[in-house]
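Colleague: Could you take me through one part of this model up close? I'd like a single connected walk rather than a list.

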Amino acid sequence: MIRLVQPFFITHRPYPPMSWYRSLALFFIALTLFLRFLTPIAWAQNESSFPPIDSSDIRKLKAYQTSELIQIDGKLDEPVWKKADRSESFVDLITGKPTHLKTHVSVLWDEKNLYIGYRIQEPEVTAKSTKEDDPIYQDNDVEFFIAGQDAYYEFEINAHGTVYDGLFVWQSAYEKSGLSQWPQFDRTKPHVQSQVFNGVGYTKHPRGLRWAFLDWDFSSIKSAVHVDGTLNDPSDKDKGWSVEVAVPWKELAMLDLSKPRDLPPKIGDVWRIDFSRFNQTKDPNNPKDSGGWALSPHGVWDSHIPEVFPQVIIAGPAG
Ligand SMILES: [Ca+2]
Ligand SMILES: [Ca+2]
Ligand SMILES: [Ca+2]
């Protein structure tokens with residue numbers, strides 16, 4: 001091939017010599033290969049590095065103290081919700097890029113409870129599961145994870161208001177925290193259901209395996225949803241839905257038995273809580289939409305990484 005084209009170059013002196021073209025061609029081939037594999041390389045780095053995102057990507061959210069009574073009815077219409085710190089809209093869980101529908105979360109607290117409120121833009125509000133602890137993660141949902149030193153709690157809810165929840169205990173903390181002695185987490189008892197869990201898409205967490213107690217229910221949590229539109233009726237266009245949750249502080253003690261935290265918290269305390277939204281339909285105009293969105297990106301397809309959870313900063317009353 002080179003021999004055949006060589007005369008052309010010889011007779012056209014203004015063109016650079018062949019070696020120049022070869023270098024240029026090799027450069028473009030190398031550049032193409034580099035760009036082609038750039039994304040998988042980044043992915044591989046995320047998969048193997050810990051934590052899988054830069055700490056500068058971890059969002060912060062203020063939780064203002066409230067003295068107002070919050071009625072858990074799914075409507076965030078108490079005046080204090082207007083004064084609450086409203087998060088930035090959620091981004092793609094893997095890429096950190098903006099999403100085509102808005103999702104915001106706000107957090108408040110008082111002596112008894114932590115309050116979490118979501119505002120979810122959704123033109124077609126749909127929900128399937130109606131039975132508690134159904135696999136809500138296969139539905140359209142919003143979720144939160146509350147991290148403790150020994151364990152973390154997962155909560156998911158769909159637009160029916162159906163809840164799926166579970167407790168994940170780090171195996172390295174299971175005995176020393178004393179959770180192994182609690183009747184509901186005592187794995188020697190035949191009625192206690194547990195399973196080994198090692199993440200979803202990120203199985204290299206340095207803390208390793210967890211015991212998942214998925215039949216366990218955080219029964220003192222109160223939650224409700226409100227649909228601004230019509231549920232499971234595609235004949236119209238909905239505005240979205242909202243979620244309101246009250247989590248009793250005292251029950252969260254089980255997350256930190258080996259090193260107890262102040263409950264209720266003190267002003268200035270920082271809690272690590274993940275907020276996310278999962279969709280069964282993806283953005284038709286964005287092939288990179290993973291369908292999982294979160295306040296802080298995780299860099300990988302896995303919610304179960306407490307080290308990248310947003311920082312919720314406990315603050316006094318909103319000014
Ligand atoms: Ca309310
Ligand atoms: Ca449960
Ligand atoms: Ca509808």
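**Strand β6 and its surroundings**

Modeller: Let's start at a turn: β6 and β7 make a hairpin with 5 residues between the strands, and there Gly 161 takes a positive phi near 90 degrees. Keep in mind that this is a predicted model. The average pLDDT over the chain is 89, with 86% of the residues scoring at least 70.

From that turn, go back into the strand itself. β6 covers residues 151–157, and 7 of its 7 residues are buried. Both faces are covered: Ala 151, Tyr 153, Phe 155 and Ile 157 point one way, while Tyr 152, Glu 154 and Glu 156 point the other way, and all are buried. So the two glutamates, Glu 154 and Glu 156, share a side with Tyr 152 and count as buried along with the rest, since the call rests on having 20 or more other C-beta atoms within 10 Å.

Now the partners. β7, residues 163–170, runs antiparallel to β6, and 7 bridges join the two. β5, residues 141–147, also pairs with β6 in the antiparallel sense, over 6 bridges. β5 and β6 form a hairpin too, with 3 residues between them. Phe 155 is a handy residue to follow across: Phe 144 stands opposite Phe 155, and in β7 the bridge partner of Phe 155 is Asp 165.

What does this part have to do with the nonpolar core? The largest one has 65 residues, and among those that touch the most other members are Ala 151, Ile 146 and Val 169, together with Ile 273. Ile 273 is in contact with Phe 144, Phe 145, Ile 146 and Ala 147, and also with Phe 309, Pro 310 and Val 312, leaving aside neighbours within four places in sequence. As a rule, nonpolar side chains in soluble globular proteins tend to be buried together.

One more stop, in strand β10 (residues 222–228), where Val 227 sits. Val 227 counts as buried because it has 20 C-beta neighbours inside 10 Å. Beyond four places in sequence, Val 227 is in contact with Val 125, Ala 159 and Trp 241. The C-alpha atoms of Val 227 and Asp 238 are separated by 8.3 Å, with the two residues 11 apart along the chain.

Finally, a caution about two other stretches. Over residues 1–18 pLDDT stays under 50, and the model has 4 contacts there beyond four places in sequence. Residues 32–45 also stay under 50, with 0 such contacts. Where pLDDT is low, the predicted coordinates should not be read in detail.

How values were computed
Residues are numbered from 1 along each chain as its sequence is written. Chains are lettered from A and ligands numbered from 1 in the order in which they are written. This is a predicted model: local features need pLDDT of at least 70, side-chain atom pairs count only at pLDDT 80 or more; totals for chains, interfaces and linings use all residues. Helices (H or I, at least four residues) and strands (E, at least two) are DSSP runs, numbered from the N terminus. A residue is buried if 20 or more other C-beta atoms lie within 10 Å of its own, exposed if 12 or fewer, and partly exposed in between; C-beta atoms are placed from the backbone. Two residues are in contact if their C-beta atoms, placed from the backbone, lie within 7 Å. pLDDT is the predictor's confidence in each residue, from 0 to 100. A nonpolar core is a set of buried Ala, Val, Leu, Ile, Met, Phe, Trp, Tyr and Cys residues joined through C-beta atoms within 7 Å. Two strands pair if DSSP finds at least two bridges between them.
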